[in-house]
Structures are given as structure tokens and as C-alpha cells.
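Student: Hi! I have a new protein model open and I'm not sure where to begin. Could you walk me through it?
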Amino acid sequence: MSIRGNHRRMRRQQTWFFWLIITVLAGFTIGHELGTQRVTAAPHQWQIVTCDVGQGSASLIHIDHDSAVLVDAGDEPDKLLGCLNWAGISKLEGIFLTHEHEDHVKALESVEKFRGTPVYVSTVFEQKQLPSGYTNLQRQLQGQSLGFTGDQCSVEAKTLSPDGLTAHLEASYNNDSLTELLNISCIEDRNLTYLATGDLEKPGVQKLLSQNPDVHADVLAVPHHGSKGAGTALLEATHPQLALISAGKNNEYGHPHQEITQYLAQHHVPTASTIESGHIATYVEQGRLMMVSSHARGRS
Ligand SMILES: [Zn+2]
């Protein structure tokens, strides 16, 4: 290995050591303010990657060495593919699309290689809004579970909402977001639950909680990019150990809203956002929740 390679490896080791120490000192705390160096690729044991797709949403759940389940895709193909590359993923076992809005689905239109992949949507998802070429549509009923198994992780995805009894609650796609509770069990007994919430707002959250009063998740995708309209009831109910926010820098909607970030800070919920951290990899290591990201805080 060249001197440069050695130097790079040392830097990497220092980064890992830094994160490990911080995690030990802080118990379970892993705030994004702790990151001072970028990680150029997700660590091999990652379980969830929250993709930086700008103002949109996309996340990956690890299945095999090179394969994952995708939850939403963002609207920019280059950003989606950049995230897959960062996570070392070339195959998808399944694609969940939470709802029809472009910032969650549009990127797939220009990505042909995943067109045969099963696409899981709610019972009220409008078929005409599917990205063109994606025809393997499977509708998820409330309470239904799906399993994915690979050599890294086994994942059970359970649909918590919508119930599909009413078409488009409050005439909005947002409140009928497919809400999936993902139970991610990886080698070495590394278990993690992740709640993917799409763009739920208060009416959708209320309905979700009335139908699933005991919902809990280790890691929560904060609904609707941290919009004020989503409220804090889901944050309160799920008691997450880590809250992840997908949003774009200087976005026109003001996501995430101060009311949401203040609530998380006041309740000491470690929080990271793609605005500051870029792609975010989350995993359990020796019983502790860990997080690394592609950018240090204060990215330009
Ligand atoms: Zn959205």
C-alpha cells in the first residue's frame, strides 16, 4: 500500500475510534454534531442508509452484500445512484413507494436497471403515478407483512397504514403514505426497528396511532421532511433512539421546521439530517446504536 493509502487507512481508523469513543461516552447518543470527518463509503455492517437526495426522501435497508430494499427514491436519479454507490448496492430486492409525490418516486423514471423489481405501494396509490417502466406492482394491505432474507440481514416489513378503507384521507396523498415498520435482523444479533413514514401529516399520524397505539421504533424517519404539519405526536409515541430527517439545503418549505427540531432537542432525541450529514448509515454494534455519514456537520 502507498504512503497515501496508509495515511487514508489511518484516518479511517481514527474516524472509527472517534465514533466508538463518543458512543461509549454518551451511552446511546450519536448526534450529528459529533461528526468531524466524512466517511467515504458506508461501513460494511450498515443496516439503514438514509440517502441524501436533496429535497426528497430515499432510504435503503441492507439485505445482502450488494443488495437492499429501497424505501422511496427521491426525484434526482444521480443522487439516488450516488447513494446506492456509497452504500455498495447494485441490486434491489424490493422498492416501497410511500406515496405518489415526485420527491419520493421520480428518480426511478430514469433508472432502468431496477424495472423488474417488485414495487410495493398502498391500496390507494394511483397506478398512473408509478414511474414509467415499473410494472411489477404489489399492493400492501394494512397488517400485511413481507419478508426479505439475505446473507447480511433478514427484514420483516409490516404495513401499519393506510387502512385503504377511504380513498385519500383529506384529499391528500401525504396522509395516505404507506407506513412500514421494518424489523431488521442482521448477523451477530444486530436487531433494529425502523419506521418509514413518508409524508404523513397530523390527520394521517392520528389515524396511524389510533390503529397502532403501541407503535415503537428504534429509528424513526421523521414524517414529511420534518414539516410542522406532521406535528410531534408520532415522535412522542414511538420514543425513537434516533430521528432521521430527509430534506434539502435551503429548501423552499423551510423543512425541517424549528418546532420539530426543538421538540427533538428538548426530549434529548439524537437527530441527524441529510442537509448537514449527507448520506447517513445507521447500525448496531456491540449493542449500541451507531451512525456515520458522508459529510461532517457544517458541509458547504
Ligand atoms: Zn415529500
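Tutor: Happy to; we'll go from the overall make-up to the sheets and then to a few residues.

Student: Great. What kind of model is this?

Tutor: It is a predicted model, so please read everything below as computed from that prediction.

Student: Okay. How many helices and strands does the protein chain have?

Tutor: The chain has 7 helices and 15 strands.

Student: And how much of the protein chain is buried?

Tutor: Buried residues make up 48% of its 300 residues.

Student: What about contacts between residues 24 or more positions apart?

Tutor: Taking the contacts with a separation of 6 or more, 62% are between residues 24 or more positions apart.

Student: Let's move to the sheets. In what order do the strands of the 8-stranded sheet come?

Tutor: The order is β6-β5-β4-β3-β2-β1-β14-β15, in an open sheet with mixed pairing.

Student: Why is one side of β6 and of β15 left without a neighbour?

Tutor: Strands β6 (137–140) and β15 (288–293) stand at the edges and each has a single partner strand, so one side of each has no neighbour in the sheet. On average, neighbouring strands of this sheet are turned by 25 degrees against each other, with direction ignored.

Student: Does a helix come into it anywhere? Which strands does α2 touch?

Tutor: Helix α2, residues 77–87, packs on the sheet and touches β1, β2 and β3. Its direction makes about 25 degrees with that of β2.

Student: Tell me about β2, then. Is it buried or exposed?

Tutor: Strand β2 covers residues 58–62, and 5 of its 5 residues are buried. Both faces are covered: Ala58, Leu60 and His62 lie on one side, with Ser59 and Ile61 on the other.

Student: Which way does β1 run relative to β2, parallel or antiparallel?

Tutor: Strand β1 (residues 48–50) and β2 run antiparallel, joined by 3 bridges. To see one of these pairings, look at Val49, whose bridge partner in β2 is Leu60.

Student: How about β2 and β3?

Tutor: Those two also pair in the antiparallel sense, over 5 bridges, with β3 spanning residues 67–73. They form a hairpin with 4 residues between them. On your screen, find His62 and you should see it opposite Ala68 in β3.

Student: How covered is β3?

Tutor: Mostly covered, with 6 of its 7 residues buried. On to its pairing with strand β4 (residues 91–96): that is parallel, over 5 bridges. Leu70, for instance, has Ile95 as its bridge partner in β4.

Student: How does the chain get from β3 to β4?

Tutor: It crosses through α2, and this β-α-β crossover is right-handed.

Student: Switching topic: which residues touch the most other members of the largest nonpolar core?

Tutor: Val49, Ile61 and Ala87 do, in a core of 75 residues.

Student: What is Ala87 in contact with?

Tutor: Leaving aside neighbours within four places in sequence, Ala87 is in contact with Ala42, Trp46, Val49, Leu60 and Ala68. You've already met Val49 and Leu60 as bridge partners.

Student: I also clicked on Gly94. Where is Gly94 found?

Tutor: Gly94 is in strand β4.

Student: Why does Gly94 count as buried?

Tutor: It has 21 C-beta neighbours inside 10 Å, so Gly94 counts as buried; the cut-off is 20 or more.

Student: Which residues does Gly94 contact?

Tutor: Beyond its neighbours within four places in sequence, Gly94 is in contact with Val69, Thr117, Pro118, Tyr120 and Phe148. Gly94 and Thr117 are 23 residues apart along the chain, and their C-alpha atoms are separated by 5.7 Å.

Student: Last topic, the 7-stranded sheet. What is its strand order?

Tutor: It is another open sheet with mixed pairing, in the order β7-β8-β9-β10-β11-β12-β13. Here β7 (145–149) and β13 (271–273) stand at the edges, each with a single partner strand, so one side of each is left without a neighbour in the sheet. The twist from one strand to the next averages 20 degrees.

Student: Can you show me one pairing there? How do β10 and β11 pair?

Tutor: Strand β10 (residues 190–196) and strand β11 (residues 219–221) pair in the parallel sense over 2 bridges. Look for Tyr194, whose bridge partner in β11 is Val219.

Student: Thanks, I can find my way around now!

Methods:
Residues are numbered from 1 along each chain as its sequence is written. This is a predicted model: local features need pLDDT of at least 70, side-chain atom pairs count only at pLDDT 80 or more; totals for chains, interfaces and linings use all residues. A residue is buried if 20 or more other C-beta atoms lie within 10 Å of its own, exposed if 12 or fewer, and partly exposed in between; C-beta atoms are placed from the backbone. Two residues are in contact if their C-beta atoms, placed from the backbone, lie within 7 Å. Two strands pair if DSSP finds at least two bridges between them. A nonpolar core is a set of buried Ala, Val, Leu, Ile, Met, Phe, Trp, Tyr and Cys residues joined through C-beta atoms within 7 Å. Axes are lines fitted to C-alpha atoms, for helices over the stretch in contact, and angles run from 0 to 180 degrees between N-to-C directions. A crossover is right-handed if, with the strands pointing away from the viewer, the path from the first strand over the helix to the second runs clockwise.
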